[in-house]
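Biologist: I would like to learn how to read a model of this kind, feature by feature. Could we start with the ligand and then work outwards to the fold?

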Amino acid sequence: MKRLNEIIPKGFIYNYNKTKDGVYYTIMSSNGWALGTIYFYFDDATTLYLAGLSVEELHRGCGLATKILDIFEEFGTEAGCKCLRLEAEKDSWVQDWYTRRGFVEHPSEYAILNHIFPDETEIWMKKELKQNNKDGFKD
Ligand SMILES: CC(C)(COP(=O)(O)OP(=O)(O)OC[C@H]1O[C@@H](n2cnc3c(N)ncnc32)[C@H](O)[C@@H]1OP(=O)(O)O)[C@@H](O)C(=O)NCCC(=O)NCCS
(Lines give C-alpha, C1' and ligand atoms only; values in the text may rest on other atoms or scores of the structure.)
Protein backbone atom coordinates (compact mmCIF):
# COMPACT_ATOMS: atom_id res chain seq x y z
CA MET A 1 0.00 0.00 0.00
CA LYS A 2 1.34 3.42 -0.99
CA ARG A 3 1.44 6.11 1.68
CA LEU A 4 0.06 9.58 0.99
CA ASN A 5 3.54 11.10 0.65
CA GLU A 6 4.35 8.56 -2.08
CA ILE A 7 1.42 9.73 -4.21
CA ILE A 8 2.38 13.43 -4.46
CA PRO A 9 3.31 14.37 -8.05
CA LYS A 10 6.89 15.50 -8.67
CA GLY A 11 7.49 19.22 -8.04
CA PHE A 12 5.06 19.41 -5.10
CA ILE A 13 5.47 19.05 -1.36
CA TYR A 14 2.85 18.87 1.34
CA ASN A 15 2.15 19.66 4.95
CA TYR A 16 -0.58 18.42 7.23
CA ASN A 17 -2.23 19.14 10.55
CA LYS A 18 -3.99 16.36 12.37
CA THR A 19 -7.08 17.13 14.43
CA LYS A 20 -8.96 14.60 16.54
CA ASP A 21 -11.41 13.97 13.66
CA GLY A 22 -9.36 14.35 10.51
CA VAL A 23 -6.45 15.93 8.71
CA TYR A 24 -5.94 19.35 7.11
CA TYR A 25 -3.70 18.79 4.14
CA THR A 26 -1.89 21.52 2.20
CA ILE A 27 -0.19 21.01 -1.12
CA MET A 28 2.70 23.37 -1.86
CA SER A 29 5.09 24.17 -4.66
CA SER A 30 8.63 22.92 -4.06
CA ASN A 31 9.63 26.41 -2.82
CA GLY A 32 6.99 26.24 -0.07
CA TRP A 33 4.12 28.34 -1.48
CA ALA A 34 0.77 27.00 -0.29
CA LEU A 35 -1.29 26.22 -3.41
CA GLY A 36 -4.30 24.29 -2.24
CA THR A 37 -5.89 22.72 0.81
CA ILE A 38 -8.28 19.91 1.60
CA TYR A 39 -9.58 18.28 4.77
CA PHE A 40 -10.03 14.52 4.93
CA TYR A 41 -11.25 11.93 7.39
CA PHE A 42 -12.20 8.29 7.43
CA ASP A 43 -15.72 7.50 8.55
CA ASP A 44 -14.94 3.81 8.69
CA ALA A 45 -12.55 1.66 6.69
CA THR A 46 -14.81 1.86 3.63
CA THR A 47 -15.15 5.61 3.09
CA LEU A 48 -12.79 8.52 2.64
CA TYR A 49 -14.52 11.88 3.22
CA LEU A 50 -13.17 15.03 1.61
CA ALA A 51 -14.11 18.58 2.58
CA GLY A 52 -13.05 22.17 2.04
CA LEU A 53 -11.19 21.68 -1.23
CA SER A 54 -9.73 25.07 -2.04
CA VAL A 55 -7.05 26.38 -4.39
CA GLU A 56 -5.26 29.67 -3.85
CA GLU A 57 -6.99 32.26 -6.07
CA LEU A 58 -3.95 33.15 -8.19
CA HIS A 59 -3.43 29.51 -9.11
CA ARG A 60 -6.99 28.54 -10.03
CA GLY A 61 -7.81 27.15 -13.45
CA CYS A 62 -4.42 25.44 -13.82
CA GLY A 63 -5.49 21.91 -12.90
CA LEU A 64 -4.42 21.97 -9.24
CA ALA A 65 -7.76 20.86 -7.78
CA THR A 66 -7.75 18.09 -10.39
CA LYS A 67 -4.32 16.99 -9.13
CA ILE A 68 -5.53 17.08 -5.51
CA LEU A 69 -8.57 14.93 -6.34
CA ASP A 70 -6.31 12.53 -8.29
CA ILE A 71 -4.08 12.22 -5.21
CA PHE A 72 -7.02 11.47 -2.92
CA GLU A 73 -8.67 9.01 -5.30
CA GLU A 74 -5.40 7.09 -5.40
CA PHE A 75 -4.94 7.44 -1.63
CA GLY A 76 -8.49 6.18 -0.97
CA THR A 77 -7.91 3.21 -3.28
CA GLU A 78 -4.54 2.45 -1.67
CA ALA A 79 -6.16 2.65 1.78
CA GLY A 80 -8.70 0.02 0.65
CA CYS A 81 -11.71 2.38 0.72
CA LYS A 82 -14.74 1.58 -1.42
CA CYS A 83 -15.72 5.20 -2.03
CA LEU A 84 -15.02 8.90 -1.68
CA ARG A 85 -17.68 11.24 -0.39
CA LEU A 86 -17.93 15.00 -0.34
CA GLU A 87 -20.41 17.86 -0.34
CA ALA A 88 -20.85 20.23 -3.26
CA GLU A 89 -22.81 23.39 -3.83
CA LYS A 90 -26.03 22.35 -5.52
CA ASP A 91 -26.44 23.21 -9.23
CA SER A 92 -22.97 24.78 -9.38
CA TRP A 93 -20.16 24.26 -11.87
CA VAL A 94 -18.32 22.46 -9.04
CA GLN A 95 -21.16 19.90 -8.89
CA ASP A 96 -20.90 19.57 -12.70
CA TRP A 97 -17.14 19.05 -12.42
CA TYR A 98 -17.50 16.34 -9.76
CA THR A 99 -20.16 14.71 -11.94
CA ARG A 100 -17.76 14.71 -14.90
CA ARG A 101 -15.27 12.99 -12.57
CA GLY A 102 -17.72 10.21 -11.80
CA PHE A 103 -19.35 11.45 -8.58
CA VAL A 104 -23.08 10.94 -8.20
CA GLU A 105 -25.55 12.51 -5.80
CA HIS A 106 -25.86 10.19 -2.84
CA PRO A 107 -26.77 10.79 0.78
CA SER A 108 -24.15 9.76 3.30
CA GLU A 109 -25.12 6.96 5.69
CA TYR A 110 -22.74 8.47 8.25
CA ALA A 111 -24.43 11.85 7.93
CA ILE A 112 -27.88 10.29 8.23
CA LEU A 113 -26.88 8.25 11.29
CA ASN A 114 -25.34 11.30 12.92
CA HIS A 115 -28.11 13.68 11.85
CA ILE A 116 -25.72 15.85 9.84
CA PHE A 117 -27.59 17.20 6.85
CA PRO A 118 -26.25 19.65 4.31
CA ASP A 119 -28.40 22.74 3.98
CA GLU A 120 -30.58 23.07 0.88
CA THR A 121 -27.75 24.65 -1.10
CA GLU A 122 -25.46 21.63 -0.70
CA ILE A 123 -25.62 18.01 -1.82
CA TRP A 124 -23.69 14.90 -0.81
CA MET A 125 -21.86 13.17 -3.63
CA LYS A 126 -20.16 9.80 -3.79
CA LYS A 127 -17.65 8.14 -6.11
CA GLU A 128 -17.03 4.41 -6.07
CA LEU A 129 -13.32 3.58 -6.10
CA LYS A 130 -11.85 0.76 -8.10
CA GLN A 131 -10.32 -1.87 -5.87
CA ASN A 132 -6.99 -3.54 -6.56
CA ASN A 133 -7.63 -7.21 -7.14
CA LYS A 134 -5.25 -9.88 -5.96
CA ASP A 135 -3.24 -9.80 -9.21
CA GLY A 136 -2.55 -6.12 -8.75
CA PHE A 137 -4.82 -5.07 -11.63
CA LYS A 138 -7.77 -2.72 -11.18
CA ASP A 139 -11.17 -4.42 -11.34
C1 LIG B 1 -13.20 24.70 -6.83
C2 LIG B 1 -11.70 24.96 -6.93
C3 LIG B 1 -11.01 24.18 -5.81
C4 LIG B 1 -11.20 24.48 -8.32
O5 LIG B 1 -9.78 24.60 -8.33
P6 LIG B 1 -8.91 24.72 -9.68
O7 LIG B 1 -7.52 24.32 -9.37
O8 LIG B 1 -9.12 26.05 -10.27
O9 LIG B 1 -9.64 23.61 -10.59
P10 LIG B 1 -9.01 22.92 -11.91
O11 LIG B 1 -8.16 23.90 -12.65
O12 LIG B 1 -8.38 21.62 -11.53
O13 LIG B 1 -10.32 22.65 -12.77
C14 LIG B 1 -11.22 21.62 -12.41
C15 LIG B 1 -12.38 21.59 -13.41
O16 LIG B 1 -13.27 22.69 -13.16
C17 LIG B 1 -13.38 23.54 -14.30
N18 LIG B 1 -13.35 24.91 -13.78
C19 LIG B 1 -12.36 25.48 -13.06
N20 LIG B 1 -12.72 26.73 -12.72
C21 LIG B 1 -13.97 26.93 -13.24
C22 LIG B 1 -14.88 28.03 -13.23
N23 LIG B 1 -14.58 29.18 -12.58
N24 LIG B 1 -16.07 27.87 -13.84
C25 LIG B 1 -16.41 26.70 -14.47
N26 LIG B 1 -15.58 25.62 -14.51
C27 LIG B 1 -14.37 25.75 -13.92
C28 LIG B 1 -12.16 23.20 -15.16
O29 LIG B 1 -12.43 23.45 -16.52
C30 LIG B 1 -11.98 21.73 -14.87
O31 LIG B 1 -12.91 20.97 -15.60
P32 LIG B 1 -12.44 19.67 -16.46
O33 LIG B 1 -11.69 18.77 -15.51
O34 LIG B 1 -13.69 19.03 -16.97
O35 LIG B 1 -11.55 20.20 -17.54
C36 LIG B 1 -11.37 26.49 -6.81
O37 LIG B 1 -12.13 27.20 -7.76
C38 LIG B 1 -11.68 27.07 -5.42
O39 LIG B 1 -10.83 27.00 -4.52
N40 LIG B 1 -12.89 27.64 -5.25
C41 LIG B 1 -13.30 28.18 -3.93
C42 LIG B 1 -13.61 27.08 -2.93
C43 LIG B 1 -14.68 26.11 -3.46
O44 LIG B 1 -15.70 26.49 -4.04
N45 LIG B 1 -14.42 24.81 -3.25
C46 LIG B 1 -15.33 23.72 -3.61
C47 LIG B 1 -15.60 22.91 -2.39
S48 LIG B 1 -16.78 21.62 -2.74
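Modeller: Let us begin with the surroundings of the ligand, bearing in mind that this is a predicted model. By class, the shell around the ligand is made up of nine nonpolar, four polar and two charged residues.

Biologist: How many residues surround the ligand, and which are the closest?

Modeller: The ligand is surrounded by 15 residues, and the closest of these are Arg-60, Leu-64, Ala-65, Thr-66 and Trp-93. Two or more residues of the shell come from each of strand E4 (47-55), helix H1 (64-78) and helix H2 (93-100), and it is H2 that gives the most, with four residues.

Biologist: Before we look at single strands, what does the secondary structure of the chain come to, and in what order do the elements run?

Modeller: The chain has three helices and seven strands, and from the N terminus on its elements follow the pattern β-β-β-β-α-β-α-β-α-β. The radius of gyration is 15 Å, close to the 14 Å that the globule rule gives for 139 residues, so the chain is as compact as a globular protein of that length. Taken along the principal axes, the box filled by the C-alpha atoms is roughly 40 × 40 × 30 Å.

Biologist: In what order do the strands form the sheet, and which strands stand at its edges?

Modeller: A sheet is read by following which strand is paired with which, and here the seven strands form an open sheet in the order E1-E2-E3-E4-E5-E7-E6, with mixed pairing. The edges are taken by E1 and strand E6 (104-105), and each of them has a single partner strand, so one side of each is left without a neighbour in the sheet.

Biologist: And where does H2 pack?

Modeller: H2 packs on this sheet, where it touches E5 and strand E7 (122-128), and its direction makes about 160 degrees with that of E5.

Biologist: In which sense do E1 and E2 pair, parallel or antiparallel?

Modeller: Strand E1 (residues 12-18) and strand E2 (residues 23-29) are antiparallel, and seven bridges pair them; in this pairing Ile-13 has Met-28 of E2 as its bridge partner. The link from E1 to E2 is a hairpin of four residues.

Biologist: Which residue lies in the loop between E1 and E2, and is that residue buried or exposed?

Modeller: Asp-21 lies in that loop, and this residue counts as exposed because it has 9 C-beta neighbours inside 10 Å, where the cut-off for exposed is 12 or fewer. Its C-alpha atom is separated by 17 Å from that of Ser-108, which is 87 residues apart from Asp-21 along the chain.

Biologist: How should I read the pairings on the other side of the sheet order, for example those of E5?

Modeller: Each pairing is read by its sense and its bridges: E4 and strand E5 (residues 83-89) are parallel over three bridges, with Thr-47 opposite Cys-83 in E5. E5 and E7, in turn, run antiparallel and are joined by seven bridges, and Ala-88 has Ile-123 in E7 as its bridge partner. E6 and E7 are also paired in the antiparallel sense, over two bridges, and there Glu-105 has Met-125 of E7 as its partner.

Biologist: Now to single residues within a strand: is Ile-38 buried or exposed?

Modeller: Ile-38 lies in strand E3 and counts as buried because it has 22 C-beta neighbours inside 10 Å, the cut-off being 20 or more. Apart from neighbours within four places in sequence, Ile-38 is in contact with Tyr-25, Leu-50, Gly-52, Leu-53, Ile-68 and Phe-72. The C-alpha atoms of Ile-38 and Thr-66, 28 residues apart along the chain, are 12 Å from each other.

Biologist: Which residues is Ala-34 in contact with, and how many C-beta atoms lie within 10 Å of it?

Modeller: Ala-34, which lies in strand E3 (residues 34-42), is partly exposed, with 14 other C-beta atoms within 10 Å. If neighbours within four places in sequence are left aside, its contacts are Thr-26, Met-28 and Glu-56. Between the C-alpha atoms of Ala-34 and Val-55, 21 residues apart along the chain, the separation is 8.9 Å.

Biologist: What share of the chain is buried?

Modeller: Buried residues account for 22% of the 139 residues in the chain. As for contacts between residues at least 6 apart in sequence, 45% of them join residues at least 24 apart.

Key:
Residues numbered from 1 in each chain as written. Predicted model: local features only at pLDDT ≥ 70, side-chain atom pairs only at ≥ 80, totals over all residues. Near = placed C-beta within 6 Å. Nonpolar A, V, L, I, M, F, W, Y, C, P; charged D, E, K, R; others polar. Contact = placed C-beta atoms within 7 Å. Pairing = 2+ DSSP bridges. Axes fitted to C-alpha atoms, helices over the stretch in contact; angles between N-to-C directions. Rg over C-alpha atoms; globule rule 2.2 N^0.38 Å.
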